[in-house]
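Reader: I am new to this structure and would love a close look at a single part of it. Could you walk me through it at an easy pace?

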Amino acid sequence: MFSPLELLWAFIGLILTIGGTFIEAFVAGVPFSWATPVSLGVNWQIGAVLLVGCLGGQNAASISQIAYLLLGLTWFQIFTYGGGTGYIFEPTFGYLLGFVPGAWICGALAFRLPRRLESLALSCLCGLATIHLTGITYLVLSHLLNDASTQRFSTLLGQLFNYSLVPIPGQMALVCAVTVIAFCLRHLMLY
């Protein structure tokens, strides 16, 4: 069974993931225009998934993401493009499915490796890679199960480009931010 602390972290992770879905990630602008933030082109959703993995561990992280998926597949509009059972047919749904194993891997590594900045960064990178591998697998399988014509192949390449390559720079910046935040919070909380 799960400990009360794991359930608390799972609830925190669920709230952070829902909130992160609607908050766009920004960085400070270049020198002499610090007041003008620059968009990273991603939201804080993946950052929340990785943060709960680094702080709550594998069980709390995976529970929070399973709860997120279940809530989103009901009538709650908590996914980036809405929600409901019809969202299964969206090309980004595979990436959402990847939140569960990605959070689990991130949490498992974060608590098995030494409590150092590099270890947390590695756990976040492995979690992010798992999310992308699951999303790519979902896209390819849905392409193969539907119509594998050459016209659909170009659509698949476009989706892979838009959902896996374009957001990587912004997501890497989120990995850096999550790593530093998790490192500081784990030292403050003495674990």
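Which residue forms a salt bridge with glutamate 118, and how far apart are the closest N and O atoms?

Author: Happy to help, and please keep in mind that this is a predicted model. The partner of glutamate 118 is arginine 116, and the closest N and O atoms of this salt bridge are 2.9 Å apart. A search of the whole structure finds 1 salt bridge. Arginine 116 counts as partly exposed because its relative accessible area is 43%, which lies between the 20% and 50% cut-offs.

From here, let us turn to another arginine. Arginine 186 sits in helix α7. Arginine 186 is buried but has no salt bridge, and the nearest side chain of opposite charge is again glutamate 118, 12 Å away. What does arginine 186 touch instead? Setting aside neighbours within four places in sequence, its contacts are Cys54, Leu55, Ala110, Phe111, Arg115, Leu120 and Tyr191.

Two of those contacts, Cys54 and Leu55, fall within helix α2, which covers residues 45-73. This helix deserves a slow look. α2 has 29 residues, yet its end C-alpha atoms are only 17 Å apart, whereas a straight helix would reach 42 Å at 1.5 Å a residue. Where does α2 bend? The bend is at glycine 57 and amounts to about 135°. Glycine 57 is buried, because its relative accessible area is 7%, under the 20% cut-off. Not counting residues up to four places away in sequence, glycine 57 touches Val52, Gly107 and Phe111. Arginine 112 is 55 residues from glycine 57 along the chain, with 9.6 Å between their C-alpha atoms. As for α2 as a whole, 22 of its 29 residues are buried, so the helix is largely enclosed by the rest of the structure.

One of the contacts of glycine 57, Gly107, belongs to the buried residues of helix α4. α4 makes a helpful companion to α2: its 14 residues reach 20 Å from first C-alpha to last, close to the 20 Å expected at 1.5 Å a residue. Among the buried residues of α4 are Phe99, Val100, Cys106 and Ala110, and the buried residues of this helix pack against α2, α3, α5 and α7. Tryptophan 104 also lies in α4, but this residue is partly exposed, with a relative accessible area of 38%. Apart from residues up to four places away in sequence, tryptophan 104 touches Gln58, Asn59 and Ser62. Glutamine 65, 39 residues away in sequence, is 9.3 Å from tryptophan 104, C-alpha to C-alpha.

Finally, the core. In soluble globular proteins, nonpolar side chains tend to be buried together. Here the largest nonpolar core has 35 residues, and those touching the most other members are Leu50, Cys54, Tyr68, Phe79, Leu96, Phe99 and Cys124. Elements giving two or more residues to this core include α1, α2, α4 and α7, and α2 gives the most, with 11 residues. Phenylalanine 79, for example, touches Thr21, Phe22, Tyr68, Leu69, Gly72, Leu73, Tyr87 and Leu96, leaving out residues up to four places away in sequence.

Conventions. Residues are numbered from 1 along each chain as its sequence is written. This is a predicted model: local features need pLDDT of at least 70, side-chain atom pairs count only at pLDDT 80 or more; totals for chains, interfaces and linings use all residues. Side-chain values use heavy atoms; hydrogens and water are left out. Helices (H or I, at least four residues) and strands (E, at least two) are DSSP runs, numbered from the N terminus. The expected span of a helix is 1.5 Å times one less than its number of residues. The bend at a residue is the angle between axes fitted to the seven residues ending there and the seven starting there. Buried means under 20% relative accessible area, exposed over 50%, partly exposed in between (1.4 Å probe, protein chains only). A nonpolar core is a set of buried Ala, Val, Leu, Ile, Met, Phe, Trp, Tyr and Cys residues joined through side-chain atoms within 4.5 Å. Contact means heavy atoms within 4.5 Å. Lys and Arg count as positive and Asp and Glu as negative; His and the chain ends are not counted. A salt bridge is a side-chain nitrogen of Lys or Arg within 4 Å of a carboxyl oxygen of Asp or Glu.
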